[in-house]
Amino acid sequence: MQIANDYQLSNGDIQVSGSFLRIMEPGDFLALAFLTAMIMSFQKPYFKFLPIAISFQLFAIIFVCQTRMNMLICVAVTMVWLLYKIPGLSKGVWAMLLLSLAILAILSIPVVDDILGFTSGDRVASYNVRLEEVNYYLDLVFKSPYFGIGFPPDNSAFFALLHGPFSQFSTHAYYLDDIGVLGSIVQFGLPFCLILLVLLISLVKQTISNPQFYVLGSALYLFLLLPTLSPFNPQRIFTLGMLISIIFCRMMKVPNNSQETEVDIPSLEKN
């Protein structure tokens, strides 16, 4: 359990303080459970209490975990899920609707920011600290570009390296997990960039060749995770493994499209 994310230095000790209480650790697993439940809704038969499970997951993410990126992930997955639930759509119309959703998402960034308070409000410190973290860790990338900083022990000797210039002039500790894949690049260096490039290319190819909901929804989840939440932290690595398994392990039989000019989308067919 953690209270906000506000750290202060008092007599050489780090103390956690904040104005609101939230239990954020289960957020990643609840978001993955939400995605899994949405995927299960396309299977027949499915668990009859599935809507109740989905409602409980959303309630916990919004009111208990209060993790804003997981909220956005759930909203994005739901919008794509709604497209797949519309019967009788041609592939061209479906693609245009998907593109329109992407454009709408970009245009609604100021509205989302105003509602969730990324750059203003009680939790603006989270945004400001991330800007400081990006500047600090980018400097570390250029100082050690080939193999990164690795995994130094998180003790007093390496605290400044891992958490920034934490002193009486700085009231926040920096964390690699806060800056998504950039944090992983700091740890692993250029080899990780190559691995990330291969992963992204594979995700795009798989999504194009097999554009069913479980693939597109999982890929969308992963893409939204990467900018601000590291998928390689000790807890989230399990979520990453599950997402990759869902994306690359075919859950339903897909017709062979090698002789066709259009990609078949079985999930768009009327049930």
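**A walk through the fold, starting at Ala33**

At 28% relative accessibility, Ala33 counts as partly exposed, because a residue has to fall under 20% to be called buried and go over 50% to be called exposed. Keep in mind as you look around that this is a predicted model. You'll find Ala33 in helix 1, which covers residues 27-40. Now look for Thr239. Along the chain, Ala33 and Thr239 are 206 residues apart, yet their C-alpha atoms are separated by 9.8 Å.

Let's zoom out to the whole protein. Its secondary structure adds up to eleven helices and four strands. There are 271 residues, and 39% of them count as buried. What about links between distant parts of the chain? Take the contacts between residues at least 6 apart in sequence: 68% of these join residues at least 24 apart. On the outside, the protein exposes about 15400 Å², with carbon and sulfur atoms supplying 69% of that area.

Next, head inside. The largest nonpolar core has 56 residues, and the ones touching the most other members are Phe213 and Tyr221. Which helix gives this core its largest share? That's helix 3 (residues 68-84), with nine residues.

Helix 8 is a good place to stop for a while. This helix is mostly covered, with seven of its eight residues buried. The buried ones are Val181, Leu182, Gly183, Ser184, Ile185, Val186 and Gln187. So what lies over them? The cover includes helix 6 (124-143) and helix 9 (190-209). Here's a handy bit of background: an α-helix has 3.6 residues a turn, so residues three or four places apart point the same way. Just past the end of helix 8 sits Gly189, which takes a positive phi of about 75°.

Helix 8 also leads us to a pocket, the second largest one, which has a volume of about 330 Å³. How many residues line this pocket? There are 16, and those nearest its centre are Phe151, Leu176, Asp177, Gln187 and Pro234. You've met Gln187 already, as one of the buried residues of helix 8. Helix 7 (159-163) and helix 8 (181-188) each supply at least two lining residues, and helix 8 gives the most, with three. Sorted by class, the lining has seven nonpolar, seven polar and two charged residues.

Key. Residues numbered from 1 in each chain as written. Predicted model: local features only at pLDDT ≥ 70, side-chain atom pairs only at ≥ 80, totals over all residues. Heavy atoms only, no water. Core = buried A, V, L, I, M, F, W, Y, C linked by side-chain atoms within 4.5 Å. Buried < 20%, exposed > 50% of the residue type's maximum accessible area, 1.4 Å probe, protein only. 1 Å grid on protein atoms, 1.4 Å probe; cavity = no way out; pocket = protein on both sides within 12 Å on 5 of 7 lines; lining within 4 Å. Points joined across faces, edges and corners; volume = space filled by probe spheres on them. Nonpolar A, V, L, I, M, F, W, Y, C, P; charged D, E, K, R; others polar. Contact = heavy atoms within 4.5 Å. Areas by Shrake-Rupley, 256 points an atom, 1.4 Å probe, with all protein chains shown as cover.
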